[in-house]
Amino acid sequence: MKAIEIKPNIYWIGAIDWAVRDFHGYVTPNGTTYNNYLILDDDVTLIDTVKHEFAEIGMSNVKSLVDFSKIKNIVVNHIENDHMGALGIFMDLMPQVTIYTTGRGKQGMERFFDTSKWNIKVVKTGDELKTGKYTLQFIETPMLHWPDSMMTYVKEAKLLISQDAFGQHLATTARFDDEFVECASHAELEDAVIDYYANILMPFGRLIKSKIKQIKDMGLEIEMIAPDHGVIWRKEPMRPIEMYLDMAEGRTNLRVAIIYDTMWHSTEIMTQPIMQGIKDEGVDCKVIKLRATPMSVAIKEFWKSRGVLVGSPTLNNEVFPSVAEFITHLRGLRPTNRIAGAFGSYGWGGGAVKWLYQEFEHMKLERFEPGIQVQYRPSSEDEQKCYEFGRDFAKAVKDYHKKFQ
Ligand code: FEO
């Protein structure tokens, strides 16, 4: 896609990846974009590059606007490969540039490339780079999403180039939020923001709150947010900030996700009366079978729910492997502000439900105990107990949810 002017003399020059379905391990059914930007000022300045495979597209977008020999600066906001992968190729065409990045950015860059001939300038929060008409201000955002990360604020354009933060994995010809909403929907856009946050930024809620506070304290006027993935926030620039704050504060839906797997359908049978009990208590419920669902979708559905019930059969005295995989992903994301319970079936010796509660404790999730287990096949009496379990869990979820109102 051709370069697009997003502010006077500031261009989106990125690449659309229509085909990517596995983004370092999580599914991207809608593809993504690698956004980078070019500022045509007295000192021509590039912000980030693109993924290595898209270097040709990235270079041709630059060349459509300026010769590489005229570029004075490049800002590297983040050194992950989807944004810096093409840096080596770009640097061969513009050895004259000064690179602006954080201390951690410089260290990481030195691991990926031979930087011995590169002119790298380390910047900190508040440092500025005057390019002519425009002034770039740097804001370090460590761990959003890597230790090196930073954002670049273009003062006179009131433009925040936010790197991964506020991005979405959406391959689309729409370059702006309002264009996307017109051709798709607001709900789809916000779901993509939640998906991104749940799978990448969930562990950093506290950091996100303090960083957003810092940005507010700096008094930055923001008319546009340009992330490194997905659409640019032009019509509702404050909306992704509100959404991030809400998620970091623990706000979510009064809803339960039943996330389970099954061997011979016994645990699966249990999900139905449990779901009915939850529904009859007036709480929305989503049932997710792990072997039928990509992991990142299960994580997103967990994140969109105040309560989670995890179901697993016992296999060789252990939890079922796909359930263990889900818990491993979840543990790494350090979830908070959710209430969890467990259920499952066994043959001649349980273990899965006990293991799940140990994991919930380890994750410091609010626990709804005891869980419920059935031997071999749920009887009609067991199904009634599952129904009551669902009702009781829904009541506990409603109570717990009040804390966040
Ligand atoms: Fe889009 Fe952390 O890279």
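The questions and answers below concern a predicted model and ask how its two domains meet and why certain residues are described as they are.

Q: How do you know where domain 1 and domain 2 lie in the chain?
A: The domain assignment of the chain places domain 1 at residues 4-248 and domain 2 at residues 256-397. Taken over C-alpha atoms, the centres of domain 1 and domain 2 are separated by 38 Å, and the contact takes twelve residues from domain 1 and twelve residues from domain 2.

Q: What is the area buried between domain 1 and domain 2, and which atoms give 64% of it?
A: The size of an interface is often given as the accessible area lost when the parts come together. For domain 1 and domain 2 the buried area is about 1100 Å², and carbon and sulfur atoms give 64% of this area. On the side of domain 1, the residues that lose the most area to domain 2 are Asn199, Met202 and Pro203, which together make up 44% of what that side buries.

Q: What makes the pair Asp191 and Lys300 a salt bridge?
A: The closest N and O atoms of Asp191 and Lys300 are 2.7 Å apart, and a salt bridge requires a side-chain nitrogen of Lys or Arg within 4 Å of a carboxyl oxygen of Asp or Glu, so the pair satisfies the rule. Across the interface of domain 1 and domain 2 the rule finds two salt bridges, and five residue pairs there are in polar contact.

Q: Which elements each supply at least two residues of the side of domain 1 that touches domain 2?
A: These are strand S5 (26-27) and helix H6 (186-201), with H6 giving the largest share, six residues. By class, this side of domain 1 has nine nonpolar, one polar and two charged residues.

Q: Why is Asn199 called buried?
A: Asn199 has a relative accessible area of 15%, and because buried means under 20%, the residue falls in that class. Asn199 belongs to helix H6, and its side chain reaches the backbone oxygen of Ser296 at 3.2 Å. Leaving aside neighbours within four places in sequence, Asn199 is in contact with Tyr26, Ser296, Ile299, Lys300 and Leu333.

Q: How do you know that helix H10 is mostly covered?
A: Helix H10 spans residues 295-303, and eight of its nine residues are buried. Among them are Ser296, Ile299 and Lys300, residues that are also in contact with Asn199.

Q: Why does Ser149 count as buried?
A: The relative accessible area of Ser149 is 0%, which is under the 20% limit, and therefore Ser149 is buried. Ser149 lies in the loop between strand S13 (135-140) and strand S14 (150-154), where a polar atom of its side chain is 3.0 Å from the backbone nitrogen of His145. Beyond the neighbours within four places in sequence, the residues in contact with Ser149 include Asn77, His78, Thr102 and Gln163.

Q: Why is Glu236 called partly exposed?
A: Glu236 has a relative accessibility of 31%, and because partly exposed covers values between the 20% limit for buried and the 50% limit for exposed, Glu236 belongs to that class. The place of Glu236 is in the loop between strand S16 (224-227) and helix H8 (239-248). Not counting residues up to four places away in sequence, Glu236 touches Asp177 and His186, while Phe204, 32 residues apart from Glu236 in sequence, is 24 Å from Glu236, C-alpha to C-alpha.

Terms used. Residues are numbered from 1 along each chain as its sequence is written. This is a predicted model: local features need pLDDT of at least 70, side-chain atom pairs count only at pLDDT 80 or more; totals for chains, interfaces and linings use all residues. Side-chain values use heavy atoms; hydrogens and water are left out. Domain bounds come from an automatic or database domain assignment. Contact means heavy atoms within 4.5 Å. Buried area is the accessible area (1.4 Å probe) that two parts lose on being put together, summed over both. A polar contact is a pair of N or O atoms within 3.5 Å; within protein, one must be able to donate a hydrogen and the other to accept it, and residues adjacent in sequence count only if both atoms are side-chain atoms. Helices (H or I, at least four residues) and strands (E, at least two) are DSSP runs, numbered from the N terminus. Ala, Val, Leu, Ile, Met, Phe, Trp, Tyr, Cys and Pro count as nonpolar, Asp, Glu, Lys and Arg as charged, and the others, Gly among them, as polar. Buried means under 20% relative accessible area, exposed over 50%, partly exposed in between (1.4 Å probe, protein chains only).
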